[in-house]
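The following exercises concern charged side chains and cysteines. Please work through each task before reading its solution.

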Amino acid sequence: MKFSTKAIHAGQEPDPATGAIMTPIYQTSTFAQESIGVHKGFEYARTHNPTRQALEKCLASLENGKYGLAFASGMAATSCCANLLKAGDHVIVGEDVYGGTYRLFAKVLNKYGIEFTFIDSRDLNVVKKNIRPNTKMLWIETPTNPLLRLADIKALSLEAKNHKIITVVDNTFASPYFQNPLDLGADVVVHSTTKYIGGHSDVVGGAIVTNDDVIYETLLFHQNAVGGVPGPMDCFLVLRGLKTLSLRANAHAKNAQEVARFLENQKLVEKVYYPGLTSHPQHDLAKAQMRGFGGMVSFVLKGGFEAANTLCQNTKIFTLAESLGGIESLICHPSSMTHGSVPESDRIERGIVDGLLRFSVGIEDIDDLLEDLTTAFSVLDKKLKIKV
Ligand code: P1T
């Protein structure tokens, strides 16, 4: 089956009790048992729930994986992956990851004797150099949040495999529609389903997909033991959003390409980051491992924080807010919002400067989006000129 068919049907059958076409919201915490130890496959909703199970099967199918696990948030999925580790293990992490991922690794999990080295995951040699005898996991985000840098999933996974290192790819920015890391050799895929998968900014969720039986059993055990599972209503919302992912992803990417081109032509813009631009240093890698370039565009404004703040205040459609991947266009100021927990010196060294803004380009009419930006840039232009 092709992607858009799987998004609508995988893991989902008409309800056997009623024939309902849409997966019911099984709003129950527990299930009746026929006799002691005899039941219909469901006992307690932290362990299994039919609505969650449908979502997990659908997610696995879209990532070309055998197993899917759903979580209450992207961070719950990320922290579940840490259960593949133990004290004394070492993890290599791409330095340009979501600020919350950095915070979990550098400020929470480090307290449990797991060591993290943050490196430039664009460079295979840097990864090679940082492998130690106790390195157990390579954690990459590609494209990265917020600088849209790419990591070569195939090359890095192969290197990791040679050292028995588990490769985890956070595929949130690309979504399974544009990139399937398991097909490129990764062992585990993580998603914040809050973003493109849910797609409507109305639910928080996370997911893990893998083909590996041992990894799955370990994660399944911890999903139940730790308990960061989503409720049935949230699973329903993610499942419902997922059905239109292929349509939305194409529309996001089309608009993002135009917005990126628009930004490249603005004299107040110093730099634009979008993998779909030929000016992106890894455009060829993007074409090789992705089927499209996604809806996220970041850029640096001349004029630092003040310019960034002025632009955010003068758009009407683009809204200043955390998160991404919903149908509406959002702006984020990474250095004070998503990456506020990264120490300032590391942030600046990585390029997350005060003039950096990140657009989650929505699927509104492109003419309206460009008009909104044109107006905001002309206000910014006037303001900067007056200052000079
Ligand atoms: O917010 P949550 O569902 O827990 O997902 C965490 C997460 C994981 N991975 C990536 C790549 C992410 O971007 C996120 C969350 N990001 C934002 C909230 C943001 O605005 O970037």
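**Exercise 1: Salt bridges and exposure**

Arg-122 is partly exposed, with a relative accessible area of 38%. In this predicted model, determine which residue meets the side chain of Arg-122 in a salt bridge.

*Solution.* The partner is Asp-120, at 2.9 Å from N to O. Asp-120 is likewise partly exposed, since its relative accessible area is 22% and the partly exposed class lies between 20% and 50%. In total, the count comes to 12 salt bridges.

**Exercise 2: A link across the sequence**

State which parts of the chain are tied together by the pair Lys-161 and Asp-187.

*Solution.* The closest N and O atoms of Lys-161 and Asp-187 are 3.4 Å apart, and the two residues form a salt bridge. Lys-161 belongs to helix 6 (residues 153–162), while Asp-187 sits in the loop between helix 7 (175–178) and strand 6 (188–192), so the pair ties together parts 26 residues apart in sequence. Lys-161 is partly exposed at 43%, whereas Asp-187 is buried at 14%.

**Exercise 3: Cysteines**

Explain why Cys-235 forms no disulfide.

*Solution.* A disulfide requires two cysteine sulfur atoms within 2.5 Å. The closest cysteine sulfur to that of Cys-235 belongs to Cys-58 and is 12 Å away, which is too far for a bond. Cys-332 is also in no disulfide, the nearest cysteine sulfur being that of Cys-312 at 8.8 Å. Cys-235 is buried, with a relative accessible area of 0%, and Cys-332 is buried at 1%. The count of disulfides comes to zero.

Technical notes:
Residues numbered from 1 in each chain as written. Predicted model: local features only at pLDDT ≥ 70, side-chain atom pairs only at ≥ 80, totals over all residues. Heavy atoms only, no water. Buried < 20%, exposed > 50% of the residue type's maximum accessible area, 1.4 Å probe, protein only. Salt bridge = Lys/Arg side-chain N within 4 Å of Asp/Glu carboxyl O. Helix = DSSP H or I, 4+ residues; strand = E, 2+ residues; numbered from the N terminus.
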